[in-house]
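These are my notebook entries on one chain, written down in the order in which I looked things up. I kept each entry to what I could read from the model.

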Amino acid sequence: MKDYINWKRTKFAAEIGEDDYNTEVTLCGWVQYTRDLGKMAFIHLRDRSGVAQLTALSKTMDKEIFDLIVSVPRESAISVRGIVKQSTQAKAGWEIIPYKVKVMGKASTPLPLGVVDKVEADMDTRLDNRFLDLRKPHIQSIFMIRSTILNAAREVFLEEDFVEIQTPKIVATATEGGTALFEMNYFDKKAYLNQSPQLFKQTMMATGLDRVFEIGPAFRAEEHDTVRHLNEYTSIDCEMAWGDLDDSLEILEKVIQRAYSNVLNTNYMDLENLQHKIVSPERPFPRLKYGEIIEKLASIDLEMADEVSGKKRTIEWGDDIPLEGFREIAKDRPSLYFVTEWPMKLKPFYIQPSPDDHEISQGFDLNYGEKELVSGGQRVHDPGQLKTLIKERGLDLEGFKFYLKAFDYGMPPHSGWGLGAERLTMIITGLSNVRETVLFPRDKHRLTP
RNA sequence: GCCCCGAUGGUGUAGCGGCCUAUCAUCUCGGCCUGUCGAGCCGAGGACACGGAUUCAAAUUCCGUUCGGGGCGCCA
């Protein structure tokens with residue numbers, strides 16, 4: 001039989017108020033809970049905005065509708081038409097007296113994952129049933145916040161005259177090196193999933209677009225198994241010409257600050273759902289020199305394994321700062337700070353040395369406590385110098401042909417950075433596992449869903 | 001790449017040689033209930049990852065496999 005009723009939603013649960021008393025509404029959502037008292041039943045209907053209570057009385061309603069509404073399995077998708085009634089007994093002050101119900105999508109039982117159960121599920125179970133996991137308001141909040149963060153970045157870039165670009169994710173050469181890549185077959189040729197847009201965005205500096213940004217995926221085939229790594233992550237990248245490192249840092253500060261303030265302004269309910277409080281950071285962010293950090297760590301005798309001998313020794317200038325070292329620094333600096341003036345050998349080949357000291361680079365990191373958020377710097381734009389640095393690292397010039405070509409025909413000075421979108425989301429939401437901030441995370445063990 | 005840890009109903013767990021025909025909660029199904037909102041009450045259902053070994057006896061010990069969690073390095 002054809003259904004002639006228009007089941008389009010007229011209100012979200014959270015939109016209902018005094019003005020709606022004694023009017024008809026159509027709500028669409030999921031049956032969160034059914035409390036059947038025999039001749040009377042309460043159904044909690046959840047939509048994106050919140051929960052509405054439907055109060056069904058067998059005496060005053062069609063028996064068929066009553067039986068349907070009390071028997072529909074929880075988490076089924078239903079549409080309900082009813083009258084909003086004021087009620088002192090209902091928590092919201094109102095309730096819906098339904099008179100028409102349509103089951104749009106019946107849920108099977110039992111659920112692989114309870115949406116409102118009192119028992120928590122493991123991350124693995126949750127990810128296997130992510131669509132159900134996402135029905136939990138506090139999980140949805142993570143992705144509401146993530147969306148705000150990405151848009152805040154976009155907002156700042158566009159205000160600052162950047163052009164949004166997309167660079168290829170399938171590439172022929174082993175790009176910048178330093179990480180394992182996923183290999184793939186490209187019409188019988190070997191190809192790789194790109195680890196970062198670095199070389200492409202730099203190439204754009206030779207075009208006259210001057211300021212570009214990209215928000216897109218990056219792939220790393222590292223078999224790391226930690227709460228802060230993903231094999232596919234979202235990189236917020238930018239590159240700008242004709243300026244110096246400070247211009248880059250300023251844009252970065254603005255992006256981070258805007259992300260915080262937009263989340264504070266628009267996602268206060270989501271922060272509440274996550275029971276997390278944040279404070280917008282003030283600019284400029286503190287700047288720590290690599291050398292100062294090493295001094296501090298050496299003064300407390302932080303030990304680390306020597307790269308060559310493997311023996312334990314005190315940290316010294318030239319060593320990379322281990323996580324344990326950053327944990328020490330985080331005791332005094334639990335929030336955002338830049339780390340500048342890294343030794344050249346700890347930074348990639350495309351980072352420019354300082355004009356005063358060729359051992360020191362113009363590369364920087366942005367940390368939040370012990371967490372690394374951003375990496376960037378002033379780039380080498382002289383083709384001769386760039387070739388030398390590539391060779392010094394033992395990399396094959398042949399693989400960088402397309403990149404180097406752009407430097408041979410008028411490359412202006414430029415700088416830029418890459419920000420891990422998930423790491424920023426993790427910090428702003430206060431979550432401890434980066435997987436929480438991705439709908440369908442890719443890690444060493446997980447390829448589905 | 002290196003190192004730890006774990007696997008018990010749909011979900012989350014207890015048990016750590018015989019007391020296990022396996023605990024509790026949640027869940028599912030059936031019954032009662034006209035004001036529930038962590039509903040309540042009565043009844044029922046459902047599990048020891050897989051393979052091997054030790055033992056009179058294994059969920060429990062050992063080995064292997066598979067799957068999962070975490071740490072380090074590296075990075076965003």
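**Entry 1: helix α12 and helix α4**

Is the crossing of α4 and α12 left-handed or right-handed? I looked this up in the model, which is a predicted one, and found that α4 and α12 cross in the right-handed sense. I then noted how the pair is arranged: helix α4 covers residues 137–159, its axis and that of α12 come within 10 Å, and the two cross at roughly 120 degrees. That angle makes α4 oblique to α12, because the roughly perpendicular range ends at 115 degrees and the roughly antiparallel one begins over 145.

Next I listed the residues that meet across this pair. From α4 I wrote down I142, I145, R146, I149 and L150, and on the side of α12 I found A421, E422, L424, T425, I428 and T429. A reminder to myself, useful when reading such lists: an α-helix has 3.6 residues a turn, so residues three or four places apart point the same way.

**Entry 2: helix α12 and helix α6**

I turned to the packing of α12 (residues 421–429) with α6 (residues 245–266), where the axes are 11 Å apart and the angle is about 45 degrees. With that angle, α6 and α12 are oblique to each other, and their crossing is right-handed. The residues I found in contact are I256, A259, Y260 and V263 from α6, which meet L424, I427 and I428 from α12. Reading the two contact lists together, I saw that L424 and I428 of α12 appear in the list with α4 and also in the list with α6.

How many of the residues of α12 are buried? I found that eight of its nine are, so that the helix is mostly covered, with buried meaning under 20% relative accessible area. The buried residues are A421, E422, L424, T425, M426, I427, I428 and T429. Just after the helix comes G430, and I noted that its phi is positive, near 75 degrees.

**Entry 3: strand β15 and its partners**

I moved on to strand β15, residues 336–340, and found that five of its five residues are buried. I checked the two faces separately: L336, F338 and T340 lie on one side, Y337 and V339 lie on the other, and both faces are covered.

Which strands pair with β15? On the one hand, strand β12 (residues 287–289) pairs with β15 in the parallel sense, over three bridges, and in this pairing R287 stands opposite F338. On the other hand, strand β16 (residues 363–368) runs antiparallel to β15 and is joined to it by four bridges, with N367 in β16 as the bridge partner of Y337. I added a general note here: strands of a sheet pair through backbone hydrogen bonds, either parallel or antiparallel.

**Entry 4: other strands**

I looked at strands β2 (residues 40–46) and β3 (residues 51–57), which run antiparallel and are joined by seven bridges. A hairpin of four residues leads from β2 to β3, and A41 stands opposite A56 of β3.

I also followed an open sheet of three strands, in which the order is β7-β9-β8 and the pairing is antiparallel. Its edge strands are β7 (170–171) and β8 (183–186), each of which pairs on one side only. Between β8 and β9 (residues 189–193) I found four bridges, and E183 has Y192 in β9 as its bridge partner.

**Entry 5: one loop residue**

Where is I300 found? I located I300 in the loop between α8 (290–299) and β13 (303–305), and I noted that it is partly exposed, with a relative accessible area of 39%. I300 is 15 residues from I315 in sequence, and the C-alpha atoms of the two are 9.8 Å apart in space.

**Entry 6: the whole chain**

Lastly I stepped back to chain A, which has twelve helices and 18 strands. Its C-alpha trace spans about 85 × 55 × 40 Å along the principal axes, and 49% of its 449 residues count as buried. The chain is divided into domain 1 (2–105) and domain 2 (137–286 + 333–437), whose C-alpha centres lie 48 Å apart. Of the contacts in chain A with a separation of 6 or more, 65% are between residues 24 or more positions apart.

Conventions:
Residues numbered from 1 in each chain as written. Chains lettered and ligands numbered in written order. Predicted model: local features only at pLDDT ≥ 70, side-chain atom pairs only at ≥ 80, totals over all residues. Heavy atoms only, no water. Buried < 20%, exposed > 50% of the residue type's maximum accessible area, 1.4 Å probe, protein only. Pairing = 2+ DSSP bridges. Domains from an automatic or database assignment. Axes fitted to C-alpha atoms, helices over the stretch in contact; angles between N-to-C directions. Parallel < 35°, antiparallel > 145°, perpendicular 65-115°, else oblique. Left-handed = near helix turned anticlockwise from the far one by under 90°. Contact = heavy atoms within 4.5 Å.
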